[in-house]
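Work through the exercises below with the sequence and the coordinates at hand. Each task is followed by a solution in steps.

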Amino acid sequence: MWLANLLTGRGYSVAVCGGNAVGGQQTLASQGIVHGGGKYALDGRESPLSRALADMPGRWRACLAGDGEVDLRGVQVLSQRVAVHGPRGARRELDDLVVDVSSLVSRLAEPVADRLLPWSVPADSIAGTGEGVDHLECGEYAIRADTYVFAAGVGNQSLASRAGFDVPMRRRPLKQLVVRLPRPVAVFAHCTTGNVGDRPEMTVTSHGNALYVGGGVADDVAGPDGHIRVVRGLLARYFPGLDLEGAAFDVVSVERAEPAGVFPDADIRAAADPFVARHANCLLCWPIKMSLAPRLGDLVLAQWHRREPLADAWPGLPGSRPVFDRPPYSSPLC
């Protein structure tokens, strides 16, 4: 939806086929941290990804103030800093920010609400030739466009193959943890062993009464009970003052999608940019990290080759009201 806002704001006619609920599984499952690269250079060594992320907090803050390429005024900012907890009580802060992903998705939906079609696009609904896509079926519509952009996360695999791309995709299953506490807390932190080359052992963000736990521990292959024991132990080690009495623990399975073969040894820190590839009249996109959405916009616009918006732009579906998905840490529905 970042790209939809970017292109609509430039006068292009845009239709977004996103299924029944807006938000996307991968976006709403994120912790909402806008990284500046520090997470990927905790040992003092820069990586391609840390360099790619360096400008992102500034660009997001401009958007949040209404001065950037996409207007994000009204998005809730949960924290303006993210702490790093190291061994033996060491602590410092990164100039990262944390946004509430629900309010982010809602804000991005507002300017394009009448362009959000409540149907997904099965791969076999794409009609194409060796020269690209002729049209695709989206619900009751047949859509013909100058350019087709595939930014469907896990869904990119079948769509891209049907459209003629030869780009394999890697699925990365993760196990995030939701810790529901009796009262709200404010924890926004990476927890690191301090060992050279290690990723953060755990990343914790607060969402009302819930802690949302990811980072390296999300790769744990233990069963649910074992995973909960590991996270409980890490929370006790890094946050000894945190009262876990009466806390409820829920394991959340999340599947992250990335282009395969792009990062050596599947190390995301080797990613120097979001992934954008062109085949005929189609673009295939993976932002790699939510933080890199502005940079993804740069790369997509660079592929637009200065096309002018069509005079007979599609007016959209007036009165359309999107339905939103919920993040895994949101309060259970009564």
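The exercises that follow concern a predicted model.

**Exercise 1. The seven-stranded sheet**

Task: Give the strand order of the open sheet of seven strands, identify its edges, and describe how β12 and β16 pair.

Solution.
- Step 1. The order is β5-β4-β13-β14-β15-β12-β16, with mixed pairing.
- Step 2. The edges are β5 (91-94) and β16 (248-259), each of which pairs on one side only.
- Step 3. From one strand to the next, the twist averages 25°.
- Step 4. β12 (residues 169-180) runs antiparallel to β16, and 12 bridges join the two. Within this pair, valine 178 has aspartate 250 in β16 as its bridge partner.
- Step 5. Helix α7 (residues 224-238) lies across β4 (82-85), β12, β13 (189-191), β14 (202-207), β15 (210-214) and β16. The angle between α7 and β16 is about 100°.

**Exercise 2. Lysine 175**

Task: Locate lysine 175, decide whether lysine 175 is buried or exposed, and list its contacts beyond four places in sequence.

Solution.
- Step 1. Strand β12 contains lysine 175.
- Step 2. The relative accessibility of lysine 175 is 15%. The cut-off for buried is under 20%, so lysine 175 counts as buried.
- Step 3. With neighbours within four places set aside, lysine 175 contacts Val217, Ala218, Asp220, Val221, Ala222, Gly223, His227, Val251 and Val252.

**Exercise 3. The three-stranded sheet**

Task: Describe the open sheet of three strands and the helix that packs on the sheet.

Solution.
- Step 1. The strands follow the order β2-β6-β3 and pair antiparallel.
- Step 2. β2 (33-34) and β3 (77-79) are the edge strands, each pairing on one side only.
- Step 3. Two bridges link β3 and β6 (residues 97-99) in the antiparallel sense. Valine 77 has valine 99 in β6 as its bridge partner.
- Step 4. α4 packs on this sheet and touches β2, β3 and β6. The direction of α4 makes about 45° with that of β6.

**Exercise 4. Isoleucine 126**

Task: Place isoleucine 126 in its strand, classify its burial, and set its sequence separation from serine 103 beside the distance in space.

Solution.
- Step 1. Isoleucine 126 belongs to strand β8 (residues 126-129).
- Step 2. Isoleucine 126 counts as buried because its relative accessibility is 2%.
- Step 3. Apart from residues up to four places away in sequence, isoleucine 126 touches Val121, Val133, His135, Leu136, Phe150, Leu159 and Arg162.
- Step 4. Serine 103 is 23 residues from isoleucine 126 in sequence, and their C-alpha atoms are 32 Å apart.

**Exercise 5. Helix α8**

Task: Name the buried residues of α8, say what covers them, and examine the backbone just after the helix.

Solution.
- Step 1. In α8 (residues 293-303), the buried residues are Ala293, Pro294, Leu296, Gly297, Leu299 and Val300.
- Step 2. Their cover includes α1 (2-8), α4 (56-64), β17 (275-279) and β18 (282-286).
- Step 3. Histidine 305, just after α8, has a positive phi of about 55°.

**Exercise 6. The second largest pocket**

Task: State the volume of the second largest pocket, list its lining, and sort the lining by class.

Solution.
- Step 1. The second largest pocket holds about 160 Å³ of space.
- Step 2. Its lining consists of Leu42, Asp43, Val84, Gly86, Pro87, Ala90, Arg91, Arg92, Thr192, Gly194, Asn195 and Asp198.
- Step 3. Sorted by class, the lining has four nonpolar, four polar and four charged residues.

Notes. Residues numbered from 1 in each chain as written. Predicted model: local features only at pLDDT ≥ 70, side-chain atom pairs only at ≥ 80, totals over all residues. Heavy atoms only, no water. 1 Å grid on protein atoms, 1.4 Å probe; cavity = no way out; pocket = protein on both sides within 12 Å on 5 of 7 lines; lining within 4 Å. Points joined across faces, edges and corners; volume = space filled by probe spheres on them. Nonpolar A, V, L, I, M, F, W, Y, C, P; charged D, E, K, R; others polar. Helix = DSSP H or I, 4+ residues; strand = E, 2+ residues; numbered from the N terminus. Buried < 20%, exposed > 50% of the residue type's maximum accessible area, 1.4 Å probe, protein only. Contact = heavy atoms within 4.5 Å. Pairing = 2+ DSSP bridges. Axes fitted to C-alpha atoms, helices over the stretch in contact; angles between N-to-C directions.
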